[in-house]
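Me: I have a structure open and would like to learn how to read its features one by one. Could you walk me through them?

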Amino acid sequence: MKIRIPRDELKIGMFIDRAVLERSNESKTGVDFIQKILIDTPEKLAKLRKQNLKFLIIDTAKAQKIEPKKVETPKPKPVEKPPEPEKEPEEKPVVEKVVEPEPEPEEPQEEEKLLESFDDDDKKGAMGGSVVPFEKELEKAREIKEVAVQHVKNMLEDAASGKSFDTEPAKEQVNDIVKSVFRNKDAMLSLTRLKSFDEYTFTHCVNVTVLAIALARETGFSKSQVEMIGLGGMLHDVGKMKVPDEILNKPGKLTPEERLIIQKHTTWGYDILKDRKDISDVAKLMALEHHERIDGSGYPNGKTEDQLQPESMLTGVVDVYDALTSARVYKPGMPPPNALSFIKSKAETEFRPEYVEKFMEVIGIFPVGSVVEFNTGQVGIVKEINRDNLYEPNVIMVMNARKQKLGTGRVVESSKYENAGLKIIRFHHPDDFGINVSEYLDLDTKRI
Ligand SMILES: [Fe+2]
């Protein structure tokens, strides 16, 4: 069983599944992380306790009983009173409190049941429900995403520089994302609204992974296919690591030559992955084909619908959505409804219509984390999608009609729209009102 514990409760014998450290000056990304280590010596324990750990998750099933080293007792001097034996504060209580592996629960958890049912062909295409409330899932989702972004960064950099890289941790992270999406997809989806400006490529790869998993789940792919799509999402832009930074992040318009170099990231990515035995052909082709379009207008090969694998066409939709809604050095992020209507206008020509339709159902007209204005002038943040009526999501009210910030964060449920005569009339960028969406979602989590 994986459980989160405070740093002070870390003991010898525990197995760290993952831990994220607070921002250090040396770290460009703001996080460093530790994964899969056994705390088998007091030195290791002491070192970790000194670290500024942001969060820590241990795997109790992998805990081990560590025998204490024999402490040499100092020889008493003949005439003086023997000294008090030195205290070993780290070791003694630790050995007594070693965490024993906990038996796995006999009954599968709710999410496991859902994952099992997902394998049944007859359940394909069913819009999955949530087994965990949004508030409960959000913090977990945030941790999973933070670790995944850091790992993608390491993996992509190693892959591009020809170093060996291990896909096992990425597969585990994909699995964590899949499980989170099954518990409550809106939690993980809301985090795709929080864009990282500095580390665009890595955040984008994880966003594409999340969005592709959520969409694939609703589009008839089996669980193992969804996992393959997840890994493909993480690696789909690996070729971008070979594009010079000055082109990738050029503030101005690209020249035709520069555009061609950027387009090469698809074939470069495929070349990096093609000989790997631990990566499926599906994931390799996703790297090659995610910019192809069903009418043959895409790159690098101008393939058409019948020549493309479905996973690549699905990735094409979510990739464009995340790219459009992200702010870059050369452009602000497009509001989600505008990005969706752009994608919708290209359904049938560039994108497979069924993926576009399903994608709109999955993320909603006003995705979670969107800042919206009502006909009354009140402003709120979308907290949860009402999939029966995409125009009436549950919204946390953050400003009154005079645009004064509210402290309470009252939630307007979708069922209240009609009685209150409420209607969402506008979508705003969070910066329009200086709203920190993440803070409000956190506040909401704490309040409940
Ligand atoms: Fe790409």
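Reply: Gladly. Let's begin with strand pairing: two strands count as a pair if DSSP finds at least two bridges between them. Keep in mind that this is a predicted model. A case that meets the cut-off is β7 and β8, which pair in the antiparallel sense over 2 bridges. In that pair, Ile-396 has Val-411 of β8 as its bridge partner.

Me: In what order do the strands of the open sheet lie?

Reply: Read a sheet from neighbour to neighbour. Here the order is β8-β7-β6-β5-β9, an open sheet of 5 strands with antiparallel pairing. β8 (411-412) and β9 (424-428) stand at the edges with a single partner strand each, so one side of each has no neighbour in the sheet.

Me: How many bridges join β6 to β7, and which residue of β7 is the bridge partner of Val-379?

Reply: Follow the bridges residue by residue. β6 and β7 (residues 394-399) run antiparallel and are joined by 5 bridges. Val-379 has Met-399 as its bridge partner in β7, and Gly-380 stands opposite Met-397. On the β5 side, β5 (residues 371-374) pairs with β6 in the antiparallel sense over 3 bridges, and there Glu-373 stands opposite Val-379. Val-379 therefore has a partner in β7 and another residue opposite it in β5.

Me: What should I look for in the hairpin of β5 and β6?

Reply: Look at the connection and its backbone angles. There are 4 residues between the two strands, and Gly-377 takes a positive phi near 95 degrees. Beyond the hairpin, β5 is also joined to β9 by 4 bridges, again antiparallel. In that pairing Val-372 has Phe-427 as its bridge partner in β9.

Me: How do I think about the side chains of a strand, and how many residues of β6 are buried?

Reply: In a regular strand the side chains alternate between the two faces of the sheet. Burial is then judged by relative accessible area, with under 20% counted as buried. In β6 (residues 379-384), 5 of the 6 residues are buried, so the strand is largely enclosed by the rest of the structure. β7 is mostly covered too, with 6 of its 6 residues buried. Over the whole chain, buried residues make up 50% of the 448 residues.

Me: Is Ser-415 buried or exposed?

Reply: Exposed, with a relative accessible area of 56%. Ser-415 sits in the loop between β8 and α15 (417-420). Its C-alpha is 9.1 Å from that of Pro-393, and 22 residues separate the two in sequence.

Me: Now helices. What does the end-to-end distance of α5 tell me?

Reply: Compare the span with what a straight helix would reach at 1.5 Å a residue. Helix α5 (residues 168-191) has 24 residues, yet its end C-alpha atoms are only 24 Å apart, short of the 34 Å of a straight helix. There is also a kink of about 125 degrees in α5, centred on Asn-184. As for its surroundings, 19 of the 24 residues of α5 are buried.

For a contrast, try α12: its 16 residues reach 23 Å from first C-alpha to last, close to the expected 22 Å. With 14 of those 16 residues buried, α12 is largely enclosed by the rest of the structure.

Me: Which residues coordinate the iron ion?

Reply: Start with the donor atoms, then the angles. The iron ion is coordinated by Asp-237 (OD), His-265 (NE2), His-290 (NE2) and His-291 (NE2), at 2.2 to 2.4 Å. The angles among the 4 donor atoms run from 83 to 168 degrees, and the site is irregular. Along the chain the donors follow the spacing D-x27-H-x24-H-H. His-265 lies in helix α10 (residues 265-273) and His-291 in the loop between α11 (281-289) and α12 (310-325), so the pair ties together parts 26 residues apart in sequence. His-265 and His-291 are both buried.

Me: Where is His-236 found, and which residues is it in contact with?

Reply: Read a residue's place first, then its neighbours in space. His-236 is in the loop between α7 (223-235) and α8 (245-248), and it is buried, with a relative accessible area of 0%. Leaving aside neighbours within four places in sequence, its contacts include His-204, Cys-205, Met-286 and the iron donor His-290.

Terms used. Residues are numbered from 1 along each chain as its sequence is written. This is a predicted model: local features need pLDDT of at least 70, side-chain atom pairs count only at pLDDT 80 or more; totals for chains, interfaces and linings use all residues. Side-chain values use heavy atoms; hydrogens and water are left out. Donors are N, O and S atoms within 2.8 Å of the metal (3.2 Å for Na, K and Ca); water is not among the atoms, so sites may look incomplete. Four donors count as tetrahedral if all angles lie between 85 and 135 degrees; four count as square planar and six as octahedral if opposite donors are over 155 degrees apart and all others between 65 and 115; anything else is irregular. Buried means under 20% relative accessible area, exposed over 50%, partly exposed in between (1.4 Å probe, protein chains only). The expected span of a helix is 1.5 Å times one less than its number of residues. The bend at a residue is the angle between axes fitted to the seven residues ending there and the seven starting there. Contact means heavy atoms within 4.5 Å.
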